[in-house]
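Me: I'm new to this structure and would like a close look at a single part of it. Please keep it informal and walk me through slowly.

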Amino acid sequence: QVELVESGGGAVQAGGSLRLSCAASGYNYSSTCMGWFRQAPGKEREAVAYFDTVRRTWYADSVKGRFTISQDNPKNFLYLEMNSLTPEDTAMYYCAARGRCGGLVWTDFAYWGQGTQVTVSS
């Protein structure tokens, strides 16, 4: 069974920083098969950062230069360093993992954590 558990969310002031962590268990693929998404109330879920099929980092334009995704594959950890936070970054942040990943098979994200709330005040 796959379990993804996020941590590190909280309330910060604009300009502050947070580091989110995701611990994966029961996942048989690399943590480069994982990524971060977020969803604000009433808004669609959007991708924030992830690794593409050639394991290159991808970032949403809104977070480029401010957020950094990293992973520790041997430990099945995924991280998101968030700097220069703004109120627009307020959302529930989710860790996700692809259903199948490796070789020629890279499927869509299928496993999701429970989310960790990030709230940024002005």
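Which residue forms a salt bridge with Arg 19, and how far apart are the closest N and O atoms?

Reply: One thing before we start: this is a predicted model, and what follows describes that model.

The partner you're after is Glu 81, and the closest N and O atoms of the two side chains are 3.8 Å apart. A salt bridge here needs a nitrogen within 4 Å of a carboxyl oxygen, so the pair counts as one. Glu 81 belongs to strand S8 (residues 77–82) while Arg 19 belongs to strand S3, so the bridge ties together parts that are 62 residues apart in sequence. As for how much of each you could reach from outside, Glu 81 is partly exposed at 27% relative accessibility, and Arg 19 is partly exposed too, with a relative accessible area of 45%.

Arg 19 has another contact to look at. Its charged end sits over the ring of Tyr 79, 4.1 Å from the ring centre. So when you click on Arg 19, look for Glu 81 as its salt-bridge partner and for the ring of Tyr 79 under its charged end.

Now for the sheet around this spot. S3 and S8 both belong to an open sheet of four strands, in the order S1-S3-S8-S7, with antiparallel pairing. On the edges you'll find strand S1 (3–7) and S7, each of which pairs on one side only. Going from one strand to the next, the twist averages 15°.

Start at the S1 edge. S1 and S3 run antiparallel and are joined by five bridges. In that part of the sheet, Glu 3 stands opposite Ser 25 in S3. At the other edge, S7 and S8 are joined by six bridges and also run antiparallel. There, Phe 67 has Met 82 in S8 as its bridge partner. S7 and S8 make a hairpin with four residues between the strands, and in it Asn 76 takes a positive phi near 55°.

Let's step back to the salt bridges. The whole structure has six of them. One of these joins Asp 89 to Arg 66, with the closest N and O atoms 2.7 Å apart. Asp 89 is in the loop between S8 and strand S9 (91–98), and Arg 66 is in the loop between strand S6 (57–59) and strand S7 (67–72), so this bridge ties together parts that are 23 residues apart in sequence. Asp 89 is buried, with a relative accessible area of 1%, and Arg 66 is buried as well, at 15%. These two don't stand alone: Arg 38, Glu 46, Arg 66 and Asp 89 are linked in a network of salt bridges.

Another bridge pairs Asp 52 with Arg 56, where the closest N and O atoms are 3.6 Å apart. Here the two ends sit in opposite settings: Asp 52 is buried, with a relative accessible area of 16%, whereas Arg 56 is exposed at 58%.

Finally, the rings. Seven aromatic pairs turn up across the whole structure. Take Tyr 27 and Tyr 111: their ring centres are 6.2 Å apart and their planes are at 75°, so the pair is edge-to-face. Tyr 27 comes from the loop between strand S3 (18–25) and strand S4 (34–39), and Tyr 111 from strand S12 (residues 109–112), so that pair links distant parts of the chain, 84 residues apart. Tyr 27 is buried, with a relative accessible area of 7%, but Tyr 111 is partly exposed at 32%.

Phe 37 and Trp 112 give you another edge-to-face pair, at 4.9 Å centre to centre with 65° between the planes. Phe 37 lies in strand S4 and Trp 112 in strand S12, so the pair ties together parts that are 75 residues apart in sequence. Phe 37 is buried at 10%, and Trp 112 is partly exposed at 29%. Both rings belong to a cluster in which ring pairs link Phe 37, Tyr 50, Trp 58, Phe 109 and Trp 112.

Trp 112 also has a charge over its ring: the charged end of Arg 45 sits there, 3.8 Å from the ring centre. That brings us back to where we began, with the charged end of Arg 19 over the ring of Tyr 79.

How values were computed:
Residues numbered from 1 in each chain as written. Predicted model: local features only at pLDDT ≥ 70, side-chain atom pairs only at ≥ 80, totals over all residues. Heavy atoms only, no water. Phe/Tyr/Trp six-rings, centres within 6.5 Å; stacked < 30°, edge-to-face > 60°. Helix = DSSP H or I, 4+ residues; strand = E, 2+ residues; numbered from the N terminus. Buried < 20%, exposed > 50% of the residue type's maximum accessible area, 1.4 Å probe, protein only. Lys NZ or Arg CZ within 6 Å of the ring centre and 35° of its normal. Pairing = 2+ DSSP bridges. Axes fitted to C-alpha atoms, helices over the stretch in contact; angles between N-to-C directions.
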